[in-house]
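Work through the exercises below with the sequence and the 3D view open. Try each task before you read its solution.

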Amino acid sequence: MAAAPSRDDRRIILHFDYDCFYAAVFEVEQPALKSLPLAVQQKQIVVTCNYEARRRGLRKLQLIKEAKQICPDVVIVLGEDLTRFRDASKRLFHFLRSFVWAQRVERLGFDELFLDVTEMVDYNVDLLNRHDLEHSFFHLDRQEPTVGFDYNATQVHGSTYPADLDPTGLNRGSKEEVPGLYTRLLVASHLAGFLRGQLEFHMGYTATVGISTSKLLAKLIGNTHKPNNQTTLLPPYAAESGVESHVVAFLDAHEIRKIPGLGSKLTRKIIAYLTKASAPSGSELPSESASDANGTKTVRDVRLCAGMGPALLDRILGGPGAPKDIGARVWGLLHGVDPAPVIPAGDVPTQISIEDTYGRLDTLELVRRKLIALTASLLRRMRTDLTEQDLEVDPGPDRPVHTSGGPQQLPVRWLAHPRTLRLSTRLRHAGTEGGRLVHRTSRSEPLPSYVFSLDESIDALAERLVHDSLLSMFRKLHPEKSGWDLQLLNVAVTNMVDGAGDRKHSSGRDIGKMFQTQSSVIKEATALVKDAGLPGASPETEGSRNIVDSAPGDETWEDSDGDDGIPCGMNCDICGALIPQFAREAHALYHAVPE
Ligand code: TTP
Ligand code: MG
């Protein structure tokens with residue numbers, strides 16, 4: 001067996017997974033649902049259910065019919081419209097990110113986050129008073145020494161792996177490891193506990209958190225204690241005289257297909273090889289199809305297979321299209337070595353657009369109604385994507401317990417102001433203009449600043465924007481009174497200008513004033529919301545014009561779902577809908593089950 005790959009455990013990564021996310025979104029909207037068994041339905045499937053339902057025997061990806069048999073009083077809510085989940089996901093992302101220095105937070109799907117808290121943890125480890133660890137203070141802000149929370153640095157917060165380790169026997173900085181890995185993970189565990197408390201107190205959501213030194217390990221270790229819990233993977237991470245690496249011990253029991261980054265194709269090839277290798281006459285490298293590649297194999301099975309190491313993995317997995325270092329990379333993953341960085345999500349999208357297609361749209365009244373509906377969706381997306389919760393208010397106690405009555409609401413402010421409003425249309429039958437085939441036509445005009453008012457209802461603002469701007473833009477695009485047969489309408493805001501001059505970007509200064517509870521701060525924050533978009537947002541007098549798009553197809557146009565910063569997933573082969581990676585399994589079932 002080849003040597004274990006070398007480790008680099010300088011980073012500290014937290015993985016957040018919100019508990020039964022879709023169900024939690026409904027529970028936050030209607031707290032009365034919390035005590036009832038609740039299932040979220042897409043087509044005939046329970047995509048998720050709350051823990052009360054799970055206690056009564058329901059589980060994710062069950063048929064609705066089955067769920068009703070097992071638990072006749074289950075409350076079923078429809079979850080096919082993803083808007084509320086996307087909105088909640090963004091709110092939670094902005095909230096948690098505001099605590100993290102340099103905003104090093106990556107989103108994975110709607111309900112998972114990776115936080116790189118290395119800097120915050122190292123800063124706080126340096127400040128520990130070794131003589132009085134019990135009364136430690138975690139600094140959330142380098143500039144404001146009073147901002148933070150008290151904690152007891154003699155013990156790890158929450159669950160650990162292994163569960164029953166005597167901390168006095170722990171390696172606290174041998175040559176093989178990053179010095180003080182234990183202390184750094186311990187300090188990180190308190191930060192994780194604090195963030196979970198804040199998430200629950202302010203937003204009403206609980207999460208399951210993993211604490212380790214890479215995205216892979218943080219994600220996997222988090223899964224070990226669910227829900228509303230956290231787990232720290234304790235050192236030693238590298239094997240040392242007489243002591244097994246906890247990383248290896250932890251990963252060994254995992255099926256290889258559960259290792260993030262391995263993917264189903266690689267997993268199949270490895271299983272095919274192992275199956276053949278363990279057969280009595282197995283000598284040649286087997287072809288994937290020639291053997292039973294459906295069995296399950298653990299990380300341990302692979303690690304201990306004769307001759308296993310980067311070179312053999314290269315032979316098993318290499319081939320046309322495979323990365324050159326595939327063997328070393330996979331060998332690393334099997335040992336929990338995952339150098340993938342936490343990639344911060346972009347702050348705000350460059351534009352937001354909403355569109356819909358229509359079977360028949362040939363009167364101005366119909367166009368007006370459709371425009372109002374699209375504009376209302378657009379304004380809702382703007383409020384979700386372009387605002388953030390203002391944290392300059394009292395965050396409550398350090399680890400508050402969320403009681404009934406819903407989360408504490410924080411005021412919001414605009415992060416950016418789009419300056420331009422764009423309307424695009426597509427006729428059912430492409431026309432020609434100047435001899436070119438025309439697919440879409442667009443018109444852009446300055447976006448009126450009243451749309452940034454957070455006091456007015458979205459419906460009222462949508463009507464006003466359609467009445468004042470979009471209808472006249474439409475008439476300029478289609479001067480004929482009728483006779484057009486529209487297939488598509490798209491309303492967009494573009495030309496994004498950073499609207500938060502007061503926004504603090506790095507080093508946790510967002511929360512600099514967070515612990516100041518004076519009402520003056522709250523008043524200031526509220527005033528900010530009211531002002532946002534008014535002085536700064538007077539639209540530039542950009543020339544209004546019709547833009548003709550003569551691209552060969554519509555693929556050059558932004559997808560209405562594509563600019564939200566979530567890894568997009570793939571288009572479904574059957575219905576063409578864009579399905580996030582995590583939802584593909586459910587979506588396939590969705591088609592498989594009769595209406
Ligand atoms: P998960 O994190 O798998 O599930 P969960 O958050 O509901 O439950 P847990 O507490 O066990 O983590 O998925 C996140 C959300 O994604 C889930 O609430 C519903 C949705 N989802 C789908 O739409 N399709 C799927 O196949 C799965 C698994 C989830
Ligand atoms: Mg989850």
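**Exercise 1. Describe the spacing, along the sequence, of the donor residues of the magnesium ion (ligand 2).**

Solution. The spacing is D-Y-x92-D. Donors here are N, O and S atoms within 2.8 Å of the metal (3.2 Å for Na, K and Ca); water is not among the atoms, so sites may look incomplete. Before going on, note that this is a predicted model: local features need pLDDT of at least 70, side-chain atom pairs count only at pLDDT 80 or more, and totals for chains, interfaces and linings use all residues. Residues are numbered from 1 along each chain as its sequence is written, chains are lettered from A and ligands numbered from 1 in the order in which they are written, and side-chain values use heavy atoms, with hydrogens and water left out.

**Exercise 2. Name the protein donors of the magnesium ion (ligand 2) and find the geometry of its site.**

Solution. Step one: list the protein donors. They are D17 (OD), Y18 (O) and D111 (OD). They lie 2.1 to 2.5 Å from the ion.

Step two: check the angles. The site has six donor atoms, with angles of 76 to 170 degrees among them.

Step three: apply the rule. Four donors count as tetrahedral if all angles lie between 85 and 135 degrees; four count as square planar and six as octahedral if opposite donors are over 155 degrees apart and all others between 65 and 115; anything else is irregular. The site of the magnesium ion is octahedral.

Step four: look at the cover. D17 and Y18 are both buried. Buried means under 20% relative accessible area, exposed over 50%, partly exposed in between (1.4 Å probe, protein chains only).

**Exercise 3. Describe the surroundings of ligand 1: which residues come nearest, and which elements supply the shell?**

Solution. Step one: count. There are 17 residues around ligand 1. A residue is near a molecule if one of its heavy atoms lies within 4 Å of it. C20, Y22, T48, R54 and D111 come nearest.

Step two: sort by class. The shell has ten nonpolar, one polar and six charged residues. Ala, Val, Leu, Ile, Met, Phe, Trp, Tyr, Cys and Pro count as nonpolar, Asp, Glu, Lys and Arg as charged, and the others, Gly among them, as polar.

Step three: find the elements. β1 (13-18), α1 (21-29), β3 (45-49) and α2 (51-55) each supply at least two shell residues. Helices (H or I, at least four residues) and strands (E, at least two) are DSSP runs, numbered from the N terminus.

Step four: look for polar contacts, meaning pairs of N or O atoms within 3.5 Å; within protein, one must be able to donate a hydrogen and the other to accept it, and residues adjacent in sequence count only if both atoms are side-chain atoms. R54 places a polar side-chain atom 2.9 Å from an oxygen atom of ligand 1. For the side chain of D111, the distance from an N or O atom to a ligand oxygen is 2.9 Å. For K226 it is 3.0 Å.

Step five: check the cover. On its own, ligand 1 has 550 Å² of accessible area, and the protein covers 90% of that. Accessible areas come from the Shrake-Rupley method with a 1.4 Å probe; for residues, only the protein chains shown count as cover.

**Exercise 4. Locate the cis peptide bonds at P162 and P236.**

Solution. Step one: take P162. A cis bond joins Y161 to P162, with omega about -10 degrees. P162 sits in the loop between β10 (159-161) and α6 (181-203).

Step two: take P236. The bond from P235 to P236 is cis, with omega near 10 degrees. P236 belongs to the loop between β12 (230-233) and α8 (246-252).

**Exercise 5. C20 and N495 have positive phi values. Where does each lie?**

Solution. Step one: C20 has phi of about 25 degrees, although it is not a glycine. C20 lies in the loop between β1 and α1. C20 is buried, at 10% relative accessible area.

Step two: N495, also not a glycine, has phi near 60 degrees. N495 lies in strand β20 (residues 486-498). N495 is partly exposed, at 29%.

**Exercise 6. How far apart in space are A218 and I13?**

Solution. Step one: place A218. It lies in helix α7 (residues 215-222). Its relative accessible area is 0%, so A218 is buried.

Step two: compare sequence and space. A218 and I13 are 205 residues apart along the chain, yet their C-alpha atoms are separated by 6.3 Å.
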